[in-house]
Each structure stands twice: as C-alpha cells, then as structure tokens.
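Me: Mind walking me through this one? I'd like to get from the overall fold down to a few side chains.

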Amino acid sequence: MVFGATICLASVVLAKQGIGYSYGPPYVPSSCFGFRNQGIMIAADNPAVYDGGKACGRLYKVTCLGGTNNIPNPCKRGEVTVKIVALCARCGADEISLSRDAFSRIANLKAGRVRVEYTQV
C-alpha cells in the first residue's frame, strides 16, 4: 500500500503601516554603503527596523494609503520598490524615509509626508 504525503509551506507576509517622508539628494554617502551609489529608488528606515545595519540592502514594496495634511490628492496609483541604504535617525517606529524619486512615484511631492504601507520583498 502506498501512502501519499502532502506538504504545505506557507509564507506569511507582514505589511507595516506608517508614515512615509521624502528626502532629497545627495544620496551618498549612506550609512549602509558609504560612497557606493545604490541608485535613486532607495530609503532610510527607522532605528527599530534598521537594527544596527541589519536592514541594509533589504527591499520594501511601498504603497501610498492617504494624506497626513490638507494637500489634495496626495497619493498616486501603484507602488514602488525601494532598497534600504541608510538609517533615518529622526524617524519614529512606524516611519520610513523615501528618496524624492521613490516618493514621487507613489505620492505628490507637495504632500511631503503620507500614510504608507510597506512590505519586505
């Protein structure tokens, strides 16, 4: 008699919600990569997630959820994938700072800060 076995592997993806900020160039040097340019779709993460540099190089998919101020139409459709290249020392535990280029893909630059959802990819 032959018995079959089924193995199910589940992946749990935890999306974080918080506030996304925009920061402008220059983007180098960075706390993760020094003077090695990592492009323009980059971000700096809060101290808790940055964890002494363990977050360096991680990729996050970021989506705009809504505004935090009175700027009309703060969000754009879609998402952006960013690479963590630095520590955002001024960011709170639910905040992420996106390069101006990355921020402008998902939000109106005039908004300055928006509610976001970000998921490690």
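Reply: Sure, here come the basics, then the sheet, then the rings and one core residue.
This is a predicted model, so local features need pLDDT of at least 70 and side-chain atom pairs count only at pLDDT 80 or more, while totals for chains, interfaces and linings use all residues. Residues are numbered from 1 along each chain as its sequence is written, and side-chain values use heavy atoms, with hydrogens and water left out.

Me: What pattern does the protein follow along the sequence?
Reply: Helices here are DSSP runs of H or I with at least four residues, and strands are runs of E with at least two, numbered from the N terminus. By that count the protein has two helices and six strands. Read in order, the pattern is β-β-α-β-β-β-α-β.

Me: In what order do the six strands close into a barrel?
Reply: Two strands pair if DSSP finds at least two bridges between them. The pairing is mixed in this barrel, and neighbouring strands are turned by 45 degrees against each other on average, direction ignored (axes are lines fitted to C-alpha atoms, for helices over the stretch in contact, with angles from 0 to 180 degrees between N-to-C directions). The order is 1-5-2-4-3-6.

Me: Strand 3 and strand 6 pair: parallel or antiparallel?
Reply: Start with strand 1 (residues 15–23) and strand 6 (residues 113–120), which pair in the antiparallel sense over seven bridges, with Y21 opposite R113. Strand 3 (residues 59–67) also pairs with strand 6 over seven bridges, and there C64 stands opposite V116. The sense for strand 3 and strand 6 is antiparallel.

Me: What percentage of the contacts with a separation of 6 or more comes from residues 24 or more positions apart?
Reply: A contact means heavy atoms within 4.5 Å. For contacts in the protein with a separation of 6 or more, the share from residues 24 or more positions apart is 78%.
On burial, buried means under 20% relative accessible area, exposed over 50%, and partly exposed in between (1.4 Å probe, protein chains only). Of the 121 residues, the buried share is 36%.

Me: How many aromatic pairs does a search of the whole structure find, and how far apart are Y60 and Y118 along the chain?
Reply: Rings of Phe, Tyr and Trp (its six-membered ring) pair if their centres lie within 6.5 Å; planes under 30 degrees apart are stacked, over 60 edge-to-face, the rest tilted. The search finds two pairs; Y23 and Y27 have centres 5.5 Å apart and planes at 90 degrees, so they are edge-to-face. Y60 and Y118 are also edge-to-face, at 5.7 Å and 70 degrees. That pair links strand 3 to strand 6, and its separation is 58 residues.

Me: Which residue lies over the face of Y21?
Reply: A charge sits over a ring if NZ of Lys or CZ of Arg is within 6 Å of the ring centre and within 35 degrees of the ring normal. K83 does this for F33, at 4.9 Å from the ring centre. Over Y21, at 5.0 Å, it's R90.

Me: V62: buried or exposed, and how far is its C-alpha from that of E117?
Reply: V62 sits in strand 3, and at 0% relative accessibility it counts as buried. Leaving aside neighbours within four places in sequence, its contacts include V80, L98, I106 and E117. V62 and E117 are 55 residues apart in sequence, yet the C-alpha to C-alpha distance is 5.7 Å.
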